[in-house]
Amino acid sequence: MGIAALWGAATGFLVPRAAYRFAVPPGDPWRTACPAGHPLTGPARAWLGAARCGGCAQGAVAEVRTGAPGAAPPGDTPPPTPCYAPHRLAPVVTALACAALALSTGTRPELAAWLLLAPVAVLLASIDHRVHRLPDGLTLPAAGAAALLLGLAALLPEHAGSWLSAVLGGLALGGFYFLLFLINPNGMGFGDVKLALSLGTVLGWYGWAVVFAGGFAGFLFGAVYGVALLALRRAGRKTGIPFGPFMIAGAFLGLLFGGLAA
């Protein structure tokens with residue numbers, strides 16, 4: 001469990017930058033500069049990197065050396081600290097999620113799939129929370145990766161699930177969300193439909209009961225949040241809410257119970 005938590009913290013440390021770059025309104029290009037205007041650089045075309053860009057890191061060093069708040073190298077704009085503050089809890093959330101998954105799954109082969117997919121889930125939840133958007137560049141590869149990783153896990157001894165039920169679970173949950181999208185396009189985004197493919201796949205690994213439980217939990221969490229907003233008068237009946245984080249939270253809870261029961 002300790003190793004899983006360290007993995008979660010390390011991968012979660014990479015989430016804030018990617019979430020910041022992806023969290024733009026539909027139709028806008030992905031961000032290429034930090035909030036202070038410094039161009040983003042780093043591996044994988046600057047998608048991977050610390051939660052503070054190089055320019056802002058230099059500004060922080062200058063602040064420590066000079067004692068001047070917000071000090072930055074000459075000609076630079078004083079940066080906010082940290083660069084991607086709205087996503088700064090990602091490492092903690094990812095570490096806790098990975099530790100919980102390891103605790104419930106044990107050393108079974110499917111744990112590797114959960115640990116690889118967990119940072120992507122946190123990334124998607126963070127983006128949807130900020131801009132009500134689930135990018136195709138993440139949802140569709142996640143669905144394919146879930147099927148591939150569980151297919152490999154099914155080839156190893158001591159696994160506790162079924163690859164066939166995983167694939168069928170993804171198709172079933174994705175189909176259900178697609179039906180909801182057709183019934184009410186304004187209430188259910190198509191990004192949620194694509195996300196349901198991967199969530200149904202991971203839930204289906206442990207069987208149909210887990211697919212139902214995880215899917216229902218997502219709706220329950222979303223309903224409680226919506227009712228709370230209405231009670232606090234922070235939203236109206238037609239106010240849209242990001243449903244992706246609740247779908248992911250429900251699937252996470254379903255995986256925990258599925259892993260413990262397997």
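## An enclosed space in the model

About 40 Å³ of space lies in the largest cavity of this predicted model. Its lining is formed by L173, Y177, L199, L203, G214, G215, M247 and A251. The elements that each contribute two or more residues to this lining are α8, α9, α10 (208-231) and α11 (244-261). In total, two cavities of 30 Å³ or more are counted.

## Overall architecture

The protein contains 11 helices and zero strands. Read along the sequence, the pattern is therefore one helix symbol after another, α-α-α-α-α-α-α-α-α-α-α.

Of the 262 residues in the protein, 45% are buried. The exposed surface of the protein amounts to about 13,300 Å², and carbon and sulfur atoms supply 70% of that area. Contacts also link distant parts of the sequence: among those between residues at least 6 apart, 71% join residues at least 24 apart.

## Confidence in the prediction

The average pLDDT of the protein is 87, and 87% of the residues score at least 70. Among the elements, helix α9 (residues 190-204) has the highest mean pLDDT, at 97, while helix α4 (residues 54-66) has the lowest, at 55. Over residues 60-81 the pLDDT falls below 50. Beyond near neighbours in sequence, this stretch has 28 contacts in the model. Where pLDDT is low, the predicted coordinates should not be read in detail.

## A proline in a loop

P157 is located in the loop between α7 (136-154) and α8 (163-183). This proline counts as exposed because its relative accessibility is 63%, and the cut-off for an exposed residue is over 50%.

P157 can also be compared in position with R108. The two residues are 49 residues apart in sequence, and their C-alpha atoms are 8.4 Å apart in space.

## Cysteines and disulfides

Are C34 and C98 buried or exposed? C34 is buried, with a relative accessible area of 4%. C98 also counts as buried, because its relative accessibility is 0%. Both assignments follow from the cut-off for burial, which is under 20% relative accessible area.

A disulfide is a covalent bond between the sulfur atoms of two cysteines. In this model, the count of disulfides is zero. The cut-off behind that count requires a pair of cysteine sulfur atoms within 2.5 Å.

How values were computed
Residues are numbered from 1 along each chain as its sequence is written. This is a predicted model: local features need pLDDT of at least 70, side-chain atom pairs count only at pLDDT 80 or more; totals for chains, interfaces and linings use all residues. Side-chain values use heavy atoms; hydrogens and water are left out. pLDDT is the predictor's confidence in each residue, from 0 to 100. Helices (H or I, at least four residues) and strands (E, at least two) are DSSP runs, numbered from the N terminus. Contact means heavy atoms within 4.5 Å. Buried means under 20% relative accessible area, exposed over 50%, partly exposed in between (1.4 Å probe, protein chains only). Accessible areas come from the Shrake-Rupley method with a 1.4 Å probe; for residues, only the protein chains shown count as cover. On a 1 Å grid over the protein atoms alone, a cavity is a set of points where a 1.4 Å probe fits but cannot get out, and a pocket is an open set with protein on both sides within 12 Å along at least five of seven lines; lining residues have an atom within 4 Å of a point. Grid points are joined across faces, edges and corners, and a volume is the space filled by probe spheres set on the points.
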